[in-house]
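Hi,

Here is the structure I promised to pass on. My notes follow below it.

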Amino acid sequence: IMTQGQAAGLPIPRPILARDKEALRTIEGRPACLIEFLNGVSVSSPSTAQARAAGSLLARFHLALSETKLARDDTLMLEGWDRLGTACAEKDETYPERELVDSERVAQRNFWSAADTQQLPHGIIHADLFPDNVLFTGDEVTGMIDFYFAATGAFVYDIAVMINSWAMVEGGDSVMMRKPIADALLAGYAGERPLTDAEETALPMMLRAAALRFLLTRRFDALHPATDALVKPKDPKPFADRLRFFRLMDNAAVFQKAVRT
């Protein structure tokens, strides 16, 4: 994915091959790869100009990989949510988001079983394009990194992941949407690849799907801490708050009005 994206002119670091023309190695029992250095820094509070540039980048990534023969199942979708939800409940039957998670899993399974979801444009998605995975020099995107979760999926789900991570902020005990940022992301994306009617209709449920995915993985990590983990488990509460927020906006027209006005 990185090699093909970089060859298409995207600001993606090039994997550095060893003398045997292979990039991957194993170091201390972990897969490792050297990649080229990219200028730029990630931002914690993106501007509208940066959000627009990042939305455009995501669309160009989708288009650049649209003809690839690469494919990889996304293990953090429906079956993954069931697996994680079951594992969390087995560890703690009363974990804080249990009722919310169980309810949303049912809603998502019903949604994804609908015939029209099969018509959603799909291909290789990044699946984790948080602000810390995009590098900027000023308002110019200079890097797109961390393809660990890249997989085959619906393009609109990738957009939903970005809105969850770029446009939503905590405000005390609640969560708020930075509407100008959501607007800019969508406008930047649509400037390169306009959304289909089916994608616009599906976006509200995709926002919920993305929130559920990160809620579940964070709660699982918190309940099953790895002794050899290199990073500390992250708080699942922000994504529980996002999921509740999006569940109140399950009408596509209402959501479009909320983010486009």
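**Helix packing around α8**

α4 and α8 cross in a left-handed sense (left-handed: the near helix is turned anticlockwise from the far one by less than a right angle; right-handed: clockwise). Please keep in mind that this is a predicted model, where local features need pLDDT of at least 70, side-chain atom pairs count only at pLDDT 80 or more, and totals for chains, interfaces and linings use all residues. Residues are numbered from 1 along each chain as its sequence is written, and side-chain values use heavy atoms, with hydrogens and water left out.

Helices here are DSSP runs of H or I with at least four residues, strands are runs of E with at least two, and both are numbered from the N terminus. α4 covers residues 98-112, and its axis packs 11 Å from that of α8 at an angle of about 50°. Axes are lines fitted to C-alpha atoms, for helices over the stretch in contact, and angles run from 0 to 180 degrees between N-to-C directions. The pair α4 and α8 is therefore oblique (under 35 degrees is roughly parallel, over 145 roughly antiparallel, 65 to 115 roughly perpendicular, the rest oblique).

Leu-100, Ser-103 and Glu-104 of α4 touch Ala-240, Leu-243, Arg-244 and Arg-247 of α8. Contact means heavy atoms within 4.5 Å. The α4 and α8 contact residues split into 3 nonpolar, 1 polar and 3 charged. The classes: Ala, Val, Leu, Ile, Met, Phe, Trp, Tyr, Cys and Pro are nonpolar, Asp, Glu, Lys and Arg charged, and the others, Gly among them, polar.

α8 (residues 237-247) also meets α7 (residues 197-223): their axes come within 8 Å and cross at roughly 155°. That makes α7 roughly antiparallel to α8. This crossing is left-handed. On the α7 side, the contact includes Leu-207, Ala-211 and Phe-214; on the α8 side, Phe-239, Leu-243 and Phe-246 are among the residues met. The contact of α7 with α8 has 9 nonpolar residues, no polar ones and 4 charged.

**α2 and its neighbours**

α2 spans residues 48-64. Its 17 residues reach 24 Å from first C-alpha to last, close to the 24 Å expected at 1.5 Å a residue. The expected span is 1.5 Å times one less than the number of residues.

Buried residues of α2 include Gln-50, Ala-51, Leu-57, Leu-58 and Phe-61. Buried means under 20% relative accessible area, exposed over 50%, and partly exposed in between, with a 1.4 Å probe and protein chains only. The buried residues of α2 pack against β3 (122-125), β4 (134-137), β5 (140-144), α5 (155-166) and α6 (179-192).

The axes of α2 and α6 come within 7 Å and cross at roughly 35°. The crossing of α2 and α6 is right-handed. Residues in this contact include Ala-51, Ala-54, Gly-55 and Leu-58 from α2, and Ile-181, Ala-184, Leu-185 and Gly-188 from α6. The contact of α2 with α6 divides into 11 nonpolar, 5 polar and 3 charged residues.

Two α2 residues deserve a look. Ala-54 is in α2 and counts as buried, at 0% relative accessibility. Its C-alpha is 7.2 Å from that of Gly-188, and the two residues are 134 apart along the chain. Beyond its neighbours within four places in sequence, Ala-54 contacts Phe-136, Val-141, Met-162, Trp-166 and Leu-185.

Ser-56 is also in α2. Ser-56 is buried, with a relative accessible area of 13%. Not counting residues up to four places away in sequence, Ser-56 touches Gly-188, Tyr-189 and Glu-192.

**α5**

12 of the 12 residues of α5 are buried, so this helix is largely enclosed by the rest of the structure. Among them are Phe-155, Asp-158, Asn-164 and Trp-166. The 12 residues should span 16 Å at 1.5 Å a residue, and the end C-alpha atoms are 17 Å apart, which agrees.

**Backbone points to check**

Most residues other than glycine have a negative phi. Which residues here have a positive phi without being glycine? Glu-28 has phi near 55°. Glu-28 sits in the loop between β1 (25-27) and β2 (30-32) and is exposed, with a relative accessible area of 78%. Ala-127 has phi of about 75°. Ala-127 lies in the loop between β3 and β4 and is buried, at 4% relative accessible area.

Best wishes
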